[in-house]
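Welcome! Here are some short exercises on charged side chains, each with a worked solution. Have a look at the structure first, then follow the steps.

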Amino acid sequence: MALEGSTMGQLDIFSLDGRVVLVSGGGGAIGSAIAEAMAGVGARVAVAGRTLEPCQATAERINAAGSEGLALAGDMTSEADADRVVAETIARFGAVDIVVNAIGGGAGKALHPAEAYPRSDWDWIMELNVRSTVLPTQAAIRAMIERGAGGAVLNLSSVRANLGINAGYSAYVAAKGAISALTRQWATEWARHGIRVNAIMPTFVDTPQVATLLADPAFKAGIVNRIPLARVGETNDLVGPAIFLCSDAASFVTGQILGIDGGLTATQ
Ligand SMILES: NC(=O)c1ccc[n+]([C@@H]2O[C@H](COP(=O)([O-])OP(=O)(O)OC[C@H]3O[C@@H](n4cnc5c(N)ncnc54)[C@H](OP(=O)(O)O)[C@@H]3O)[C@@H](O)[C@H]2O)c1
């Protein structure tokens, strides 16, 4: 199916028609927006997450819009669950072409001074952000390599991979730094298989994860005042870049980390 309403064949390079996407964390705020947008440009989408209900909600919206969505429950910090979710995606759709890693966060719940950052929260943030990205990606990539038809991976980094913040974010900045580094490393290793790996790095996106922080007018003003476009992000700001990076429009783009930050990092 070509992009609906498109009279320009050139837009077809942004289509994900026939592609199978696994959105890990597709029940979350950002993952669900990306999952639904990718379905809207032709993809069949497996929506995976720890709790089934939000994944089902995303899959149901995808199905109601006339595309194909499949909800899968699994803890993506468990190798067995990650392997099973990828196997179930392939069992239903025949392959996996694209992985979107949208699990992570937790920074606001694990704020500690850098000199006394406790190991328990350090390990939790690393598991939530890094392990949950590594395991489903490894499982999907093994299948992609075996199939030999290439593929694409999109990771969720953050401007915090590049920018310090005067709050107790040590583990989160380290985790997102790891995601950006892995994006470059994976792109380098898997290029020979025709697999591209990119990431997006948003600044604050208006989502439940950061709602408490953004509800503080002084904190929000401090953030917005440093962003040239003078607002925080919306989940819809992420979908165009996500589709681009996973589509044929980006066929020569790999190992890149695209800031979606209203110009914030341009000022640093
Ligand atoms: N929101 C922002 O401002 C912002 C800015 C920059 C980057 N990011 C990044 O964007 C990504 C998505 O953020 P978000 O705001 O959309 O978060 P979110 O709404 O909390 O979504 C994350 C999803 O991941 C799932 N999940 C967590 N741990 C899991 C596990 N072990 N196995 C399977 N699923 C698990 C959660 O499911 P459960 O609820 O069932 O646990 C949830 O549905 C994160 O990597 C975050 O760091 C966010």
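**Exercise 1: a pair within a helix**

In this predicted model, a salt bridge joins the side chains of Asp-81 and Arg-84, at 3.6 Å from N to O. Find where the two residues lie, and decide how exposed each of them is.

Step 1. Both Asp-81 and Arg-84 belong to helix α3, where they sit three residues apart, about one turn of the helix.

Step 2. Partly exposed covers the range between under 20% (buried) and over 50% (exposed). Asp-81 has 22% relative accessibility and Arg-84 has a relative accessible area of 31%, so each counts as partly exposed.

Step 3. Through salt bridges that share partners, Asp-81, Arg-84 and Glu-88 form one network.

**Exercise 2: a pair that links distant parts**

Work out which parts of the chain are linked by Glu-68 and Arg-92.

Step 1. The side chains of Glu-68 and Arg-92 form a salt bridge of 3.8 Å, N to O.

Step 2. Glu-68 is in the loop between α2 (52-64) and β3 (69-73), while Arg-92 is in helix α3 (residues 79-93); the two are 24 residues apart.

Step 3. Glu-68 is partly exposed at 34% relative accessible area, and Arg-92 is partly exposed at 42%.

**Exercise 3: a tie across the sequence**

Explain what the salt bridge between Asp-248 and Arg-19 ties together.

Step 1. Their side chains meet at 3.0 Å, N to O.

Step 2. Asp-248 lies in the loop between α8 (236-246) and β7 (257-260), and Arg-19 in the segment before β1 (20-24), so the pair ties together parts 229 residues apart in sequence.

Conventions:
Residues are numbered from 1 along each chain as its sequence is written. This is a predicted model: local features need pLDDT of at least 70, side-chain atom pairs count only at pLDDT 80 or more; totals for chains, interfaces and linings use all residues. Side-chain values use heavy atoms; hydrogens and water are left out. A salt bridge is a side-chain nitrogen of Lys or Arg within 4 Å of a carboxyl oxygen of Asp or Glu. Helices (H or I, at least four residues) and strands (E, at least two) are DSSP runs, numbered from the N terminus. Buried means under 20% relative accessible area, exposed over 50%, partly exposed in between (1.4 Å probe, protein chains only).
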